[in-house]
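User: Please take a close look at one part of this model, a place where two helices meet. Explain it in plain terms and then show where it sits in the rest of the structure.

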Amino acid sequence: MQPLFRPRSRLLVLLAVLALVATACGGNDDPADGEDAGAEEEMDEPGEPLTVYSGRNEELVSWAFDDFTAATGIEVEVRYGDTAELATTILEEGDASPADIYFAQDAGALGALEAEDRLVTLPDDILDRVDANFRAPSGAWTGVTGRARVLAFNTDVLSADEVPDSVFDLTDPEWQGRVGWAPTNGSFQAFVTAMRITDGEDVTREWLEGMLANDPVVFSNNTGAVEGVARGEAEVALVNHYYLYRFLAEDPDFNVDNKLLPGDIGGLVNIAGVGVLSSSDNQDAAFELVRFLLGDEVQTFFGQETDALEFPLVDGIESPELPTLAEIDPPQVDLSRLEDLQGTLELLNEVGALE
Amino acid sequence: MRTLAGSPEPPAPADAPRGPRSAAGMHPLVWIPALVIGVAMLIPAIYLVIAASALPAGEIWEIVTDPSTARLTGRTLGLAAAVTGASVVLGVPIAWLTVRTDLPARRFLSIATALPLVIPTYVGAFTLVGALAPGGLVESWSGWRPPSPYGFGGAFVALTLFTFPYVLITVQSGLRGLDPSIEEASRSLGHGPISTFLRVTLPQLRPSAAAGALLVTLYVLSDFGAVSILRYSTFTRALYLQYRTAFDRAPAALLGLMLVAITVVFVVIEARVARDRGQQFGRRGAGRAVTQVPLKRWRWPAAALCWSVVLIGLVIPLTVVTYWLVRGLGAGESPNLAFGAAGRSLLVAALAAAAAVLAAVPVAIWSARSPSRWARLTERASFTGYALPGIVVALALVFVGIRLVPSLYQTLAMLIFAYVVLFLPQAIGAIRSSLLQVEGNVEAAARTLGSDRLTALRRVTLPLARRGAIAGGALVFLTVLKELPATLLLSPIGFDTLAVRVWSATEEAFFTRAAIPAMLLVVLGSVPLAITMIRERRET
């Protein structure tokens, strides 16, 4: 009888063995590898590992989880992904969700979990660490770091003075074809939601239509927008503040700078924040992790580390690299209301910003 | 199938079909597993129905009749049709050139032209923008501004380059399965190589070209990466936006169901093209050496065609990635070697390829060899997972998995199952078209000569399926390498692959760290292609 799949299965077996060997030897490729820190001696109470669903990028935050394990002996397992997709996953998983903590890139996603009663109220000692503007009024979630909206501009063609102080100036005809934005991006949509809350539906619609009349350059996300500004496809772009530092790290001559927009809705400070799941059976350890993220050490590091240069949210800790939140004077927006993205999506669709 | 209808009835009344009448003489070892697999493939569609049923009827009507829905559908269909047409125009000749001719560097080009397939579209599109956009690398290095990569044109070119290998690989496999004696007869009757290709070879390649074309069409329907970066709004882009910005899954589910409906239309069209053949040609050559067609003065133009595909689809992305690496290293950044992730990618891609082939064999045999309506429905059911965006399938399996099989939730087994749901049609299409190349009455002949059904299946049908199984396994392997949404949500926790590493780094502008994982993707992708090549050499 003719043997079936013979030459191929030999190769497949070889491949599978190779893969297993590589997997076993390769271990974790985490750039900030500290996985063995707590593994060497058995702790008194090994406990269950904490499960984190992190919409924050591994490259930005994995060091914090490693440090936590080293400090407390509590193992942390992290599933990284897109903030919104992970929030949806938690909603679909229901009470059986393996996640103990959800770490989100923006307040809206945390608000969506809160709206479906999936988060517990955090203990007061945690909430007290953070300015009330940067946590849920209900206490269901808290910000860990702040991320400011800015205008990134091409330094070859513009000086900081020439860049407007308000996003409302960008609808002026002189900016025709010179402004980049990323209307499908979550941070952008959070900013539009904030504008709807502070300035109302009509003003926001008018602003969007004014922007569209100026023929903006469309990017798919912040990274693409900053790159596009550097190439000169757009002279300024509405983005988050921190992408710039990554580009500068890889290319010190990078021709883009940020303009902060103090007091303007365009200078919204959103948060990256955490909530503990009501379905978690490991909530005490989860609270420990939240305390650790809000501890002086981690907060200081977030303000210094160029990979993740964000605004510390704990009183008395300031970033040497960034202006203080007082200097930015962000608009007062109840971040928990950023959850109403459906309205923003509909508005963006109506004016044709998503075409 | 026309030829089967005319074939003599196998003389074995003793084992007439006892299952559904419609199983039509097929052994239960084929149709029972096939049915089970077909039902499993419907999980995403069932989930969408459940999720969309939360919508009140009025809202459903509103979404379905919204003019923007019609506009998006039109744009999506236009893009899918254009990319599919171009993929066939590109894929069929390149397949022939790399399998049958004396093209210079033929073996190398056979692998290199297929490799753009492993580049995730979000990376490929991003690198094309970095190279070709105004002020990009090409303009700053040469001073010449290439045509804009944005809009329909850019999405069309990028998706064609990154998906035409589906046609290329299935047609290459089809060509290797052809009986060369017919072409030789044509040549001896005075037809030149071009005329023989057009009049003899091409008609025989219809099933494989149609199968590959369908894979391209449905891939385009489900793509998010390229269209979002290249600024062309499609149905799937709208669906992703709905998932990513509003946490209400019901409207997104409805969009998903509409995408399933569009899929059905394409699947039916493919069936027409692949099955409506005027005549059936001979048998597969018994592993006989095929004489290479000399290209003569067409050698270098043909080579130029292949090389330009390699240039845009592979060299440009790899150059941009290399530029990231060099620039970053120069600035003191450290690269990310990602060998562990490479091992995990290899592991899941190989397991998924094997699982998909195993699952595809019964479905493909049943649908190729039985006129049964159930066989056709089963095959078509498998396309729903493939045409839906990855995030939809991933969320469906989250929803179903955690409720029905909590102990398997987010394990390797679950991940492999997700890949099978996503990519099974790639294996089915390739196997099915390799079976369709040979008339169904060879099995009947085996039975006339005294074999029972099982023996005929084992000794005749399965060996015929082998070539398609290899091509199909290669396709699944290549596609799994770049898969992202299901990997992120369903893998064992902490189990990252190369695609995850590339995504994670590029998303936050850590380009140096994305470089080596991206290069390793291409290296791993060449493995199954090289295996196909080695086999080909062994047989000739």
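Analyst:
**Two helices in contact**

In this predicted model, helix 3 of chain A meets helix 15 of chain B: Ala84(A), Glu85(A) and Thr88(A) are in contact with Tyr243(B), Arg244(B) and Thr245(B). By class, the residues of this contact are two nonpolar, two polar and two charged.

How are two packed helices described? The description uses the angle between their axes and the distance between the axes. Here the axes of helix 3 of chain A and helix 15 of chain B, which covers residues 235–245, come within 7 Å. They cross at roughly 70 degrees. Angles of 65 to 115 degrees count as roughly perpendicular, so helix 3 of chain A is roughly perpendicular to helix 15 of chain B.

The next step out is the contact between the two chains. It takes 65 residues from chain B and 66 residues from chain A. On the side of chain B that touches chain A, helix 18 (residues 339–369) gives the most, with 10 residues. The residues on that side of chain B divide into 35 nonpolar, 15 polar and 15 charged.

Helix 3 of chain A also has a place in a contact inside its own chain. The domain assignment splits chain A into domain 1 (50–146 + 269–322) and domain 2 (147–268 + 340–351). The C-alpha centres of these two domains of chain A are 26 Å apart. Their contact takes 14 residues from domain 1 of chain A and 11 residues from domain 2 of chain A.

Which elements supply the domain 1 side of this contact in chain A? Helix 3 (83–93), strand 4 (142–154) and strand 9 (269–276) of chain A each supply at least two residues. Strand 9 of chain A gives the most to that side, with three residues. By class, the side of domain 1 of chain A that touches domain 2 has five nonpolar, seven polar and two charged residues.

Last comes chain A as a whole. It has 12 helices and 10 strands. Of its 355 residues, 55% are buried. Among contacts in chain A between residues at least 6 apart in sequence, 76% join residues at least 24 apart.

To return to the part requested, helix 3 of chain A meets helix 15 of chain B, and helix 3 of chain A also supplies at least two residues to the side of domain 1 that touches domain 2 of chain A.

Notes
Residues are numbered from 1 along each chain as its sequence is written. Chains are lettered from A and ligands numbered from 1 in the order in which they are written. This is a predicted model: local features need pLDDT of at least 70, side-chain atom pairs count only at pLDDT 80 or more; totals for chains, interfaces and linings use all residues. Domain bounds come from an automatic or database domain assignment. Two residues are in contact if their C-beta atoms, placed from the backbone, lie within 7 Å. Helices (H or I, at least four residues) and strands (E, at least two) are DSSP runs, numbered from the N terminus. Ala, Val, Leu, Ile, Met, Phe, Trp, Tyr, Cys and Pro count as nonpolar, Asp, Glu, Lys and Arg as charged, and the others, Gly among them, as polar. Axes are lines fitted to C-alpha atoms, for helices over the stretch in contact, and angles run from 0 to 180 degrees between N-to-C directions. Angles under 35 degrees count as roughly parallel, over 145 as roughly antiparallel, 65 to 115 as roughly perpendicular and the rest as oblique. A residue is buried if 20 or more other C-beta atoms lie within 10 Å of its own, exposed if 12 or fewer, and partly exposed in between; C-beta atoms are placed from the backbone.
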